[in-house]
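These are my notes from going through one protein model. I took the overall figures before turning to single residues.

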Amino acid sequence: MARFSGSYEETFTVDVPIEKAKAHFGDLDMIVSCYPSVQRSEKLDDKTLRLELVPQSAMGVTFAGKYDVKYEFTSENVLIWKTVGSGANIFADGRAEFSSLGESKTRIVYRDKMDCEIPINRLLGKAIAPIVNRDVSNGVKEYLNAIRSKL
């Protein structure tokens, strides 16, 4: 089994009050609507999603990502998400920190890291690692741009 990683970090401002930004980025329906390549999603509870992604192929290897991810505010202005449960082949670990910059502006420090486990031999894993790592990072950027555009 080969493990691949991708991460993305960005600090940006949005032109909405902090409470609206927090509600938007923590809304499970909004998350699903902005997530690239979701084939199937299910709310397990008010904080947890089950996601199955559209299978992706590279160099003869196909990967169908699946995981349960829990989103929660650990403090008033910090949203975290993490893979929970068993049976996952994607492992997410992320956070968004919200800071008010006045009545109608919010700064967000966004960090997301995802690991994918793909059942292939190590030699092929080394060959496709740059492709998979890039695709994971690009997927996070695509999601962030989509959710930001709907704010």
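**Entry 1: the whole chain**

What radius of gyration does the protein chain have, against that of a compact globule with 151 residues? I find 16 Å for the protein chain, and a compact globule with 151 residues would have one near 15 Å, so the value agrees. I note here that the model is predicted.

I then looked up the extent of the C-alpha trace, which spans about 55 × 30 × 25 Å along the principal axes. For the secondary structure I have three helices and nine strands. Read from the N terminus, the elements of the protein chain run β-α-α-β-β-β-β-β-β-β-β-α.

Buried residues make up 40% of the 151 residues. The accessible surface comes to about 8,100 Å², and carbon and sulfur atoms account for 48% of that surface. I also looked at contacts with a separation of 6 or more: residues 24 or more positions apart account for 53% of them.

**Entry 2: helix α1**

I went to helix α1, residues 18–25. Which residues of α1 are buried? I list Ile18, Ala21, Lys22, His24 and Phe25. They cover an arc of only 165° around the axis, so they lie on the same side of α1. A general point fits in here: an α-helix has 3.6 residues a turn, so residues three or four places apart point the same way.

I took Lys22 next, since a lysine in the buried list seemed worth a look. Lys22 has a relative accessible area of 7%, and it counts as buried because the cut-off is under 20%. What does the side chain of Lys22 make a polar contact with? The partner is the side chain of Glu19, at 3.2 Å. Leaving out residues up to four places away in sequence, I find Lys22 touching Phe73, Glu76, Asn77 and Phe98.

His24 is in helix α1 as well. Its relative accessible area is 10%, which makes His24 buried. With residues up to four places away again left out, His24 touches Met30, Ile147, Lys150 and Leu151.

**Entry 3: cysteines**

I checked for disulfides and the count came to zero. Cys34 is in no disulfide, and the nearest cysteine sulfur to it, that of Cys116, is 20 Å away. Why is there no bond from Cys116 to Cys34? The sulfur of Cys34 is the closest cysteine sulfur to that of Cys116, and at 20 Å it is too far for a bond.

Is Cys34 buried or exposed? I read a relative accessible area of 5% for Cys34, so it is buried. Cys116 is at 7% relative accessibility and counts as buried.

**Entry 4: Ser37**

I looked up Ser37 for its backbone angle. Ser37 is not a glycine, yet it has a positive phi of about 65°. Where is Ser37 found? I place it in the loop between α2 (28–34) and β2 (38–43). Ser37 counts as partly exposed, at 37% relative accessibility.

**Entry 5: Met1**

Met1 has its place in the segment before β1 (2–14). At 59% relative accessibility, Met1 counts as exposed. How far from the C-alpha atom of Met1 is that of Glu117, 116 residues apart along the chain? I get 6.4 Å between the two C-alpha atoms. Not counting residues up to four places away in sequence, Met1 touches Glu117, Ile118, Pro119 and Ile120.

**Entry 6: Ser104**

The last residue I looked up was Ser104, in the loop between β8 (90–100) and β9 (106–118). Ser104 is partly exposed, with a relative accessible area of 46%. Which residues does Ser104 touch, not counting those up to four places away in sequence? I find Val14, Asp15, Val16 and Pro17. I also took the separation from Glu76, which is 28 residues apart from Ser104 along the chain: the two C-alpha atoms are 18 Å apart.

Definitions and conventions:
Residues numbered from 1 in each chain as written. Predicted model: local features only at pLDDT ≥ 70, side-chain atom pairs only at ≥ 80, totals over all residues. Heavy atoms only, no water. Helix = DSSP H or I, 4+ residues; strand = E, 2+ residues; numbered from the N terminus. Buried < 20%, exposed > 50% of the residue type's maximum accessible area, 1.4 Å probe, protein only. Polar contact = N/O pair within 3.5 Å; in protein donor to acceptor, adjacent residues only side chain to side chain. Contact = heavy atoms within 4.5 Å. Arc of directions from axis to C-beta. Rg over C-alpha atoms; globule rule 2.2 N^0.38 Å. Areas by Shrake-Rupley, 256 points an atom, 1.4 Å probe, with all protein chains shown as cover. Disulfide = S-S within 2.5 Å.
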